[in-house]
Amino acid sequence: MIVDFHMHLFPDAIAPKALAGLARTCGMVPRGAGTVADTLDILDRCGVDAGVIEHIATRPGQTESVNKFAQQIQSDRLICMGSVYPTDPGAAQWVGRIREMGLHGLKLHPDYQDYRADDRAAYPVYEQAQALGLPIVFHAGYDPLSPKLIHTTPAMLRRITSDFPRLQVVAAHMGGMECRLEALETLCGIPNLYFDTALCAEGFMAPALLQEMIARHGYERVLLGSDCPWHLPENEMRLIDSLPIPTSQKEAILGDNAARLLGLDA
Ligand SMILES: [Zn+2]
């Protein structure tokens with residue numbers, strides 16, 4: 001089974017505008033249309049069984065519409081994360097609703113949500129996710145939205161995993177865009193932490209460093225991710241396939257680990 005753990009899409013009516021705005025912020029050209037139909041087409045073309053779709057509530061008032069959209073589009077092939085605005089006083093209550101809606105976890109992006117990942121104001125959300133067994137995916141490291149302030153550093157992620165030892169934390173981008181050496185030293189070996197490979201192919205991360213992080217952290221807790229539509233799953237699949245590691249480890253990273261984390265039938 002192949003699972004891309006890190007994908008984004010938007011309602012048809014706003015996808016063109018949303019992608020154009022994000023493209024301006026990050027200076028990248030999208031490789032897809034960022035819609036449900038186009039994402040399914042990409043999964044087919046790249047031979048991926050399922051994608052984990054990560055939605056982000058960028059203000060408190062968006063929480064309901066973001067999670068309802070996630071619930072509407074969820075299927076066997078589009079597995080959705082919900083989102084809350086973590087420093088909003090009502091956010092922790094939403095975590096229970098997200099589980100009732102059948103969503104598979106939370107995606108948080110502290111740059112777009114204007115807080116630092118280890119801000120105590122967000123702890124009730126983490127507490128609730130831990131209690132309900134919902135994993136949290138964090139954008140990690142640099143983000144072009146706030147280039148001068150990293151809102152989720154490897155040190156913050158380490159603190160969260162130790163304050164919430166039963167919470168499954170997924171650190172996107174192998175623990176931090178542009179902070180990968182710090183991630184290597186700070187995060188490798190943490191038992192309740194996963195890495196995803198989003199935006200690591202095509203020169204974003206040296207294959208030798210990726211291989212070292214997999215060896216130090218354990219291949220059982222590394223997940224294929226692309227950040228589609230900014231990369232395509234085939235980009236990161238090719239990177240993983242190029243590593244001189246056993247086929248069984250590649251299969252785990254390409255999908256079996258995600259299936260286990262999400263409780264899917266592999
Ligand atoms: Zn992303």
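1. Zinc donors. In this predicted model, the zinc ion takes its protein donors from two histidines and one aspartate: H6 through NE2, H8 through NE2 and D227 through OD. These donors lie 2.1 Å from the zinc ion.

2. Sequence spacing. Along the chain, the donors of the zinc ion are arranged as H-x1-H-x218-D. H8 sits in the loop between β1 (3-7) and α1 (15-26), and D227 sits in the loop between β8 (222-223) and α9 (233-242), so the pair H8 and D227 ties together parts of the chain that are 219 residues apart in sequence.

3. Burial of the donors. H8 has a relative accessible area of 12% and D227 one of 8%. The cut-off for buried is under 20%, so H8 counts as buried, and D227 likewise counts as buried.

4. Largest pocket. The volume of the largest pocket is about 910 Å³. Its lining is made up of 34 residues. Those that lie nearest the centre of the largest pocket are H8, F10, L22, I56 and Y112. H8 is therefore both a protein donor of the zinc ion and one of the residues nearest the pocket centre.

5. Elements in the lining. Two elements, α1 and α3 (63-73), give two or more residues to the lining of the largest pocket. The most comes from α1, with four residues.

6. Lining by class. The lining of the largest pocket has 18 nonpolar residues, alongside 10 polar and six charged ones.

Note on methods. Residues are numbered from 1 along each chain as its sequence is written. This is a predicted model: local features need pLDDT of at least 70, side-chain atom pairs count only at pLDDT 80 or more; totals for chains, interfaces and linings use all residues. Side-chain values use heavy atoms; hydrogens and water are left out. Donors are N, O and S atoms within 2.8 Å of the metal (3.2 Å for Na, K and Ca); water is not among the atoms, so sites may look incomplete. Buried means under 20% relative accessible area, exposed over 50%, partly exposed in between (1.4 Å probe, protein chains only). On a 1 Å grid over the protein atoms alone, a cavity is a set of points where a 1.4 Å probe fits but cannot get out, and a pocket is an open set with protein on both sides within 12 Å along at least five of seven lines; lining residues have an atom within 4 Å of a point. Grid points are joined across faces, edges and corners, and a volume is the space filled by probe spheres set on the points. Ala, Val, Leu, Ile, Met, Phe, Trp, Tyr, Cys and Pro count as nonpolar, Asp, Glu, Lys and Arg as charged, and the others, Gly among them, as polar.
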